[in-house]
Amino acid sequence: MTVCSSSDTIHATNRPAAEAGRYALFLVNDAGHRVVSLPASGTLVVGRGKAVDVQVADARISRQHLRIHVGASVLVEDLDRANGTVIAGRRLSPGDHCAVA
């Protein structure tokens, strides 16, 4: 699945990462790409601010842009920021959750 903000793309795999039952987040922007392993369970905030779990160094990303919920499935939650969150071509409503894995 794909999560997009401006011209940046965040990919959450729908296949387990190297460790069984684990997922990874692929961050892609003009500067290149980065892979972030997701925990087996828990919640992560993605954004460009310093008080986030996954920092994206891009002014087009909100300080706290979206929240990822990891458990039996992986859900993305829009945090009602100016740039919005789009998954597979669908803009999420503020507070809306969307399964990506």
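## Alanine 88 and its loop

Between strand S9 (86-87) and strand S10 (90-91) lies a loop, and alanine 88 has its place there. The model described here is predicted. Although alanine 88 is not a glycine, its phi is positive, at about 50 degrees. Most residues other than glycine have a negative phi. The relative accessible area of alanine 88 is 62%, so this residue counts as exposed, the cut-off for that class being over 50%.

## The open sheet

An open sheet is formed by 5 strands, and its pairing is mixed. The order of the strands across the sheet is S6-S5-S7-S8-S11. Strand S6 (54-55) and strand S11 (97-99) occupy the edges; each has a single partner strand, and therefore one side of each has no neighbour in the sheet.

At the S11 edge, the partner is strand S8 (residues 74-78): S8 and S11 run antiparallel and are joined by 3 bridges. Within this pair, leucine 75 is found opposite alanine 99 of S11.

## The largest nonpolar core

The largest nonpolar core holds 19 residues, of which Leu25, Leu38, Val46, Ile68 and Val74 touch the most other members. At least two residues of this core come from each of S3, strand S5 (42-47), strand S7 (66-70) and S8. S7 provides the largest share, with 3 residues.

The surroundings of isoleucine 68 can be set out in detail. Leaving aside residues up to four places away in sequence, isoleucine 68 touches Leu25, Leu38, Gly42, Thr43, Leu44, Val46, Val74 and Leu75. Leucine 75, one of these contacts, is also the residue that stands opposite alanine 99 in S11.

## Strand S3: buried and partly exposed positions

Strand S3 (residues 24-29) includes phenylalanine 26, and alanine 24 belongs to S3 as well. With a relative accessible area of 5%, alanine 24 is classed as buried, because the limit for that class is under 20%. In sequence, alanine 24 and valine 36 are 12 residues apart, whereas in space their C-alpha to C-alpha distance is 5.5 Å.

Phenylalanine 26 has a relative accessible area of 30%, and so it is partly exposed. Together with Val28 and Val35, Phe26 makes a nonpolar surface patch of about 210 Å².

Key:
Residues are numbered from 1 along each chain as its sequence is written. This is a predicted model: local features need pLDDT of at least 70, side-chain atom pairs count only at pLDDT 80 or more; totals for chains, interfaces and linings use all residues. Side-chain values use heavy atoms; hydrogens and water are left out. Two strands pair if DSSP finds at least two bridges between them. Helices (H or I, at least four residues) and strands (E, at least two) are DSSP runs, numbered from the N terminus. Patches are made of residues with over 30% relative accessible area and no salt bridge: like charges are joined within 9 Å, nonpolar side chains (Val, Leu, Ile, Met, Phe, Trp, Tyr) within 5 Å. Accessible areas come from the Shrake-Rupley method with a 1.4 Å probe; for residues, only the protein chains shown count as cover. A salt bridge is a side-chain nitrogen of Lys or Arg within 4 Å of a carboxyl oxygen of Asp or Glu. Buried means under 20% relative accessible area, exposed over 50%, partly exposed in between (1.4 Å probe, protein chains only). A nonpolar core is a set of buried Ala, Val, Leu, Ile, Met, Phe, Trp, Tyr and Cys residues joined through side-chain atoms within 4.5 Å. Contact means heavy atoms within 4.5 Å.
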